[in-house]
Amino acid sequence: MKQKRRLIWLPLLVILAIIVAACSSPPPAQVEPEPVAEAPDPPAEPSAEEPTAAPEPVARGRGAGDLLRILYWQAPTILNAHLGVGTKDFDASRLILEPLASVDANGELVPLLVEEIPTLENGGIAEDLTSITWKLRQDVKWSDGTDFTAADVVFTYEYCADIETACTTSAYIQGIDTVEALDDYTVKITWVAPTFEQYKSFTSTNGRIIQKAQFANCIGAAASTEAECQAANLAPIGTGPYKLVDFRVGDVVIYEINEYFREPDKPFFQRVELKGGGDAPSAARAVFQTGDVDWAWNLQVEASILQQMVNQGGQGVLVTYNTANVERLVLNFTNTDPALGDERGQLSQPHPFLTDLNVRRALALAIDRQMISEQLYGPTGFPTCTLLWYYPFATSIEDFFDDCAQDIDEANRLLDEAGWERGADGVRVKDGVRLSLLFQTSVNTLRQKTQELIKADWEAIGVETELKSVDASVFFGSDVGNPDNISKFFADVQMYTTGAPEPDPESHICQWVSTRAAQRENYWRGQNNMRWQNAEYDALCEQLNASINPEERFDLIMQLDAVLRRELPQIPLVGRPRASGASNDLKGYAPSGWESELWDVMNWYK
């Protein structure tokens, strides 16, 4: 009997409706999506516990618990989120650094360092949508005991607004004209033009505030080169529930309670150990079978194995929650031949064949996404041709898997017509150039099996493929001297998961404009690590940034998606709701697909 696949859908930020209340055009209707279409038999879904609802405040007592043990199979390498390049860096820093507001599992803004969320109704957002004013809480202190003020917010903007700082979060301050402190506890952001994205800056994952006193001398190139700044990047002072005790880069982070934390009865745990390294299956064993940890992140494990661990382990529960994440292939538009020396990966050096659209189309058509999804991911992954596989951009499987079924014959036809002829060894050649790819990803059993499936598909169309697996802490590392990370991208193809960190995907999808190409000059921290250049895409992003009409914005987002589907700088593979693990006695967690998985660690208890 066929089973229906349960898809976890993402709501829009309800608060966004308030932003546009003064506009003539209403936002798209907030309706529930239709059930997804029936799919081929997937492996049985593991028993899972839905994320717990946001807990009511309970006076359990600060420090009443001892040690919270967290396991990330990707080890953090930096604690300054603005220079991080991977989820493990953003999450490890989240216990220390906070944004002004978070976005919870329901897509609603939660005030953290502010008294309330600014709206049109309360006067916090200007009627012409040209500014937003945040009123800061006056009881917040940094973990060194000094006051948190508007000057720290202004400084955080100045820090990332300097192009030489090379913040990886710079997309989230785009469009700002000024950030000014009206007084010690009031911050006003004025936009260059009216904007729909009033909440994109200083909120959620990309909006962490850093202390002016600590980072004052670290604006610009000094952020990455000066010893004082490198030390601050590894040991930031924060306003969060915990402060740093010890950080062994690529291994473990130890935290203890920030005695100045504003919530008198939180956090519950005296200490936190965030251990990095290993792999996803070992992380799953640690939480479900041996009980060695309280929380295990991102259990990207083959469905059949994960199911067995959950059902037989007895020590923990599977926690699934909404995300906009997509496992995708990223294609390199530059030549990374080591013989090029300093010009390796520069825009002046185009890739010898991935700039050929027919090659990219053939590579995409050859891949059997459905097999990858069903055999490896089961209920934790859905085959997709688009990055926008979630509501309201898609309401059924047909919307996100409509035109990318495997077609080996068509892939071969495209390469034949483009003049790529098979050589004696079966590998295609054109003008002396072989269709030979270096395909890299992080060390993860599921990813290595995905690589093998894709390699077989590509060999069927005459593409030679060399597989490379990089330790996750290196692959997602932030060291500018690291030749194997996703930002430097010295391979032809790489595979990893990412997704929009907020319901409105503008800042995410517009990271890939031409001006954000990762290059030597910006320490390889440009968000466009594909080094893809497309004038049509750039222009659409400019229009989207300027638009305050919800219907027009929706249309522009879909046009951007259409360009991505047509030009294929990335090849989406699998849409991924997140699966993590919690020990049976851990309570209070409510993971959000729009935030760090550890955003609410202050509420966790046993």
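The following exercises, with worked solutions, concern a sheet and its helices in a predicted model.

**Exercise 1.** Determine the strand order of the open sheet of 6 strands, and state which strands are its edge strands.

*Solution.* Step one is to read the order across the open sheet, which is 13-20-12-19-17-18. The pairing in this sheet is mixed. Step two is to find the strands that pair on one side only: these are strand 13 (382–383) and strand 18 (464–470), the edge strands.

**Exercise 2.** Establish in which sense strand 17 and strand 19 pair, and which residue of strand 19 is the bridge partner of F439.

*Solution.* Strand 17 spans residues 436–442 and strand 19 spans residues 493–498. Their pairing is in the parallel sense and extends over 3 bridges. For F439, the bridge partner in strand 19 is V493.

**Exercise 3.** Identify the strands across which helix 10 lies.

*Solution.* Helix 10, residues 369–377, lies across strand 12 (326–331), strand 13 and strand 20 (570–575). Relative to strand 20, helix 10 runs at about 35°.

**Exercise 4.** Describe how helix 7 and helix 8 are arranged and which residues meet.

*Solution.* First, the axes of helix 7 (residues 280–288) and helix 8 (residues 303–313) come within 9 Å and cross at roughly 15°. Second, angles under 35 degrees count as roughly parallel; helix 7 and helix 8 are therefore roughly parallel to each other. Third, the crossing of helix 7 past helix 8 is right-handed. Fourth, P281, A284, R285 and F288 of helix 7 meet L306, M309, V310 and G313 of helix 8. By class, this contact comprises 6 nonpolar, 1 polar and 1 charged residues.

Conventions: Residues numbered from 1 in each chain as written. Predicted model: local features only at pLDDT ≥ 70, side-chain atom pairs only at ≥ 80, totals over all residues. Heavy atoms only, no water. Pairing = 2+ DSSP bridges. Helix = DSSP H or I, 4+ residues; strand = E, 2+ residues; numbered from the N terminus. Contact = heavy atoms within 4.5 Å. Axes fitted to C-alpha atoms, helices over the stretch in contact; angles between N-to-C directions. Parallel < 35°, antiparallel > 145°, perpendicular 65-115°, else oblique. Left-handed = near helix turned anticlockwise from the far one by under 90°. Nonpolar A, V, L, I, M, F, W, Y, C, P; charged D, E, K, R; others polar.
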